[in-house]
Amino acid sequence: MRFSTLLKAGGTLALLFGLGFLFLPATLLHQYGAGTDAVGIFMSQFFGAALLQVGLVFLLLGDLPAAAVPRVAAGAAVGELAGFWIALRIQLGGQVNALGWSTVALYGLFTIAFGICALQKSQPA
């Protein structure tokens, strides 16, 4: 898979989830079987804003020089790995319903994909 395609896929998902958590945090949390208070809603909106930023950056990086691909991919892989660890820990702790496994899977797949791109020496964007 070309790195630009990976960025578009990751960017699109981040943008969609970001908008959801920014504008409909309680609804999204309810889908995962997670209830929260006002502070949790507030923090979910910050999470949505962060996802919105990541999604837009990924989508706007279309003409990335090949030499920059491993560095950008490494940064993305570290962020995805952190998300994977959090999602897996929460899922195994029973704090969300079975839908939480989709989050574990998405973070896991993007960790692997960005990690592969980070380890490749030269790759067209």
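## Terms and overall architecture

A residue counts as buried when its relative accessible area is under 20%, as exposed when that area is over 50%, and as partly exposed in between. By this scale Leu 109, which is found in helix H5, counts as exposed, because its relative accessibility is 59%. The structure described here is a predicted model, and every value below should be read with that in mind.

The secondary structure of the chain comes to 5 helices and 0 strands, and the elements, taken from the N terminus on, run α-α-α-α-α. The radius of gyration of the chain is 15 Å, close to the 14 Å that the globule rule gives for 125 residues, so the chain is as compact as a globular protein of that length. Taken along the principal axes, the box that the C-alpha atoms fill is roughly 45 × 25 × 20 Å.

## Burial, surface and contacts

Of the 125 residues in the chain, 35% are buried. The accessible surface comes to about 7,300 Å², and carbon and sulfur atoms account for 73% of this surface. Among the contacts in the chain with a separation of 6 or more, 75% are made between residues that stand 24 or more positions apart.

## The nonpolar cores

The largest nonpolar core has 13 residues, and within this core Phe 3, Leu 6 and Phe 114 touch the most other members. At least two residues of the core are supplied by each of helix H1 (3-23), helix H4 (69-92) and helix H5 (100-119); helix H4 gives the most, with 4 residues. Apart from this core lies another one, of 5 residues, which includes Phe 21, Leu 28, Leu 29 and Leu 51.

## Aromatic pairs

The structure holds 5 aromatic pairs. One of them is formed by Phe 3 and Phe 114, an edge-to-face pair with 6.0 Å from centre to centre and 80 degrees between the planes. Phe 3 lies in helix H1 and Phe 114 in helix H5, so this pair ties together parts that are 111 residues apart in sequence. Phe 3 is buried, with a relative accessible area of 0%, and Phe 114 is likewise buried, with a relative accessible area of 0%. Ring pairs also link Phe 3, Phe 58, Phe 110 and Phe 114 into a cluster.

Phe 42 and Phe 46 form an edge-to-face pair as well, with 4.8 Å from centre to centre and 75 degrees between the planes. Both of these residues lie in helix H3 (residues 38-60), where they are 4 residues apart, about one turn of the helix. Phe 42 counts as partly exposed, because its relative accessibility is 46%, and Phe 46 counts as partly exposed at 48%.

## Thr 111 and its surroundings

Thr 111 has its place in helix H5 and counts as buried, because its relative accessibility of 16% falls under the 20% limit. If residues up to four places away in sequence are not counted, Thr 111 touches Ala 77, Glu 80, Leu 81 and Phe 84. The side chain of Thr 111 reaches the backbone oxygen of Glu 80 at 3.2 Å, so that Glu 80 appears both as a residue touched by Thr 111 and as the partner in a polar contact, for which the cut-off is 3.5 Å between N or O atoms.

## Distances between selected residues

Ser 4 is found in helix H1 and is buried, with a relative accessible area of 13%. The C-alpha atoms of Ser 4 and Phe 58, which are 54 residues apart along the chain, are separated by 8.7 Å; Phe 58 also belongs to the ring cluster that contains Phe 3, Phe 110 and Phe 114.

Leu 109, the exposed residue of helix H5 introduced at the start, is 106 residues from Phe 3 along the chain, and the C-alpha atoms of these two residues are separated by 14 Å. Ala 66 has its place in the loop between H3 and H4 and is partly exposed, with a relative accessible area of 34%. From C-alpha to C-alpha, Ala 66 and Leu 109 are 22 Å apart in space, while in sequence they are 43 residues apart.

Conventions: Residues are numbered from 1 along each chain as its sequence is written. This is a predicted model: local features need pLDDT of at least 70, side-chain atom pairs count only at pLDDT 80 or more; totals for chains, interfaces and linings use all residues. Side-chain values use heavy atoms; hydrogens and water are left out. A nonpolar core is a set of buried Ala, Val, Leu, Ile, Met, Phe, Trp, Tyr and Cys residues joined through side-chain atoms within 4.5 Å. Buried means under 20% relative accessible area, exposed over 50%, partly exposed in between (1.4 Å probe, protein chains only). The radius of gyration is taken over C-alpha atoms; the globule rule is 2.2 Å times the number of residues to the power 0.38. Contact means heavy atoms within 4.5 Å. Accessible areas come from the Shrake-Rupley method with a 1.4 Å probe; for residues, only the protein chains shown count as cover. A polar contact is a pair of N or O atoms within 3.5 Å; within protein, one must be able to donate a hydrogen and the other to accept it, and residues adjacent in sequence count only if both atoms are side-chain atoms. Rings of Phe, Tyr and Trp (its six-membered ring) pair if their centres lie within 6.5 Å; planes under 30 degrees apart count as stacked, over 60 as edge-to-face and the rest as tilted.
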